[in-house]
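Please open the structure in a viewer and keep the selection tool at hand. The tour below proceeds stop by stop, stating what to select and what is to be found there.

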Amino acid sequence: MNTSPSALQLAPPAPSPASHARFGWLAACGVFFTVTMSPLLVLHSSTKPTARTLRAWMRPWGRAILASAGIRVRVEQRAPVPDGPVVFVSNHVNLLDVPVTMAVLPRDFLFVARRELRAWPMIGWVLEKTACLFIARDNPRQSVADLRYAAERIRSGDSVLLYPEGGRSYAHALGPFMRGPFVLAIEAGVPVVPLTMVGHAGVLSVGDRTARPGETRFVIGAPIETAGMVRADAARLQAEVRQAIKAELVAFG
């Protein structure tokens with residue numbers, strides 16, 4: 001479907017009986033598919049805790065949730081993703097981010113999540129039992145150890161995905177970036193690929209408990225090389241990646 005950027009809905013759905021009912025349906029479907037598929041993912045991961053196993057189960061999970069809500073995703077790719085491991089860096093909008101990313105990103109990858117997520121019901125249990133890496137944010141010594149382990153996994157061939165904002169924006173906006181993901185990319189010596197999700201706030205509002213069918217965009221940006229960079233270059237890399245994502249958001253309004 002050849003819709004123009006202006007056709008995207010960027011404002012949250014207006015509260016109405018229909019939008020509240022659709023939100024309830026989406027939430028029910030999300031819980032159903034998560035509860036039924038997570039044990040199978042965990043069981044498979046007990047023998048093969050790999051990024052491929054994660055994607056094998058999470059891809060149909062994400063597609064089922066999106067289909068149940070009538071949400072279409074249009075993928076736009078600015079350049080090919082390098083063949084080797086990369087660090088994917090994405091903006092973080094709302095609860096649709098993970099289903100959309102799992103449904104359309106054409107590469108196996110590991111999630112890198114903050115350690116606090118381990119305490120979340122169901123989600124924390126699934127992440128801990130599958131191919132997910134955790135990084136501490138409030139413990140500097142543990143954070144360094146976590147980053148080193150993640151860099152080793154990347155150098156061994158695993159791509160990873162991080163949300164450098166550290167939390168969701170719930171809007172067509174971009175918050176400040178944390179430095180960790182860019183130190184990780186430099187330590188691993190791999191390119192950073194910016195990912196931009198546009199339109200999620202226009203089809204789902206958790207605060208208002210509203211949802212509507214529609215289209216979102218998933219933009220795979222051009223890779224940014226880290227060859228020759230050292231830790232002191234992390235701030236420059238962070239600014240370059242943030243600007244790439246910000247430019248995509250601005251282009252869509």
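In what order do the seven strands of the open sheet stand? The order is β1-β9-β6-β2-β5-β3-β4, and the pairing is mixed. The model shown is a predicted one.

**The whole chain**

Before selecting any part, view the protein in full. Eight helices and nine strands are present. The C-alpha trace extends over about 55 × 40 × 35 Å along its principal axes. For 253 residues, a compact globule would be expected to have a radius of gyration near 18 Å, and the value for this protein, 18 Å, agrees.

**The sheet**

Select next the strands at the edges of the sheet, β1 (71–77) and β4 (132–135). Each has a single partner strand, so one side of each lacks a neighbour in the sheet. On average, neighbouring strands of this sheet are turned by 25° against each other, with direction ignored.

Proceed to strand β3 (residues 110–114) and strand β5 (residues 160–162), which pair in the parallel sense over two bridges. Select Phe-111 and then Leu-161, its bridge partner in β5. Helix α6 (residues 180–188) may be added to the selection here: this helix packs on the sheet and touches β2 (87–90), β5 and β6 (192–198). The direction of α6 makes about 165° with that of β2.

**From α6 to α5**

Keep α6 selected and add helix α5 (residues 140–155). The axes of the two helices come within 9 Å and cross at roughly 50°, which makes α5 oblique to α6. The crossing is right-handed. On the α5 side, select Leu-147, Ala-150, Ala-151, Ile-154 and Arg-155; these meet Gly-180, Leu-184, Glu-187 and Ala-188 of α6. By class, the residues of this contact are six nonpolar, one polar and two charged.

**Helices α1 and α2**

Now select helix α1 (residues 17–45) together with helix α2 (residues 51–69). How are these two helices arranged relative to each other? They pack at an angle of about 165°, with their axes 9 Å apart. Since angles over 145 degrees count as roughly antiparallel, α1 is roughly antiparallel to α2. Their crossing is right-handed. To display part of the contact, select residues of α1 including Trp-25, Leu-26, Phe-33 and Met-37, and residues of α2 including Trp-57, Met-58, Trp-61 and Ile-65. The whole contact has 15 nonpolar, six polar and one charged residues.

**From α2 to α3**

Retain α2 and add helix α3 (residues 97–104). The axes of α2 and α3 come within 7 Å and cross at roughly 120°, which makes α2 oblique to α3. This crossing is left-handed. On the α3 side, the contact is made by Val-98, Pro-99, Val-100, Met-102, Ala-103 and Val-104; on the α2 side, the residues include Leu-54, Arg-55, Arg-59 and Leu-66. Eleven nonpolar, one polar and three charged residues make up the contact of α2 with α3.

As a last selection, display Met-58, Trp-61 and Ile-65 of α2. These residues take part in the contact with α1 and also in the contact with α3.

Notes: Residues are numbered from 1 along each chain as its sequence is written. This is a predicted model: local features need pLDDT of at least 70, side-chain atom pairs count only at pLDDT 80 or more; totals for chains, interfaces and linings use all residues. Side-chain values use heavy atoms; hydrogens and water are left out. Axes are lines fitted to C-alpha atoms, for helices over the stretch in contact, and angles run from 0 to 180 degrees between N-to-C directions. Helices (H or I, at least four residues) and strands (E, at least two) are DSSP runs, numbered from the N terminus. Angles under 35 degrees count as roughly parallel, over 145 as roughly antiparallel, 65 to 115 as roughly perpendicular and the rest as oblique. A crossing is left-handed if the near helix is turned anticlockwise from the far one by less than a right angle, and right-handed if clockwise. Contact means heavy atoms within 4.5 Å. Ala, Val, Leu, Ile, Met, Phe, Trp, Tyr, Cys and Pro count as nonpolar, Asp, Glu, Lys and Arg as charged, and the others, Gly among them, as polar. Two strands pair if DSSP finds at least two bridges between them. The radius of gyration is taken over C-alpha atoms; the globule rule is 2.2 Å times the number of residues to the power 0.38.
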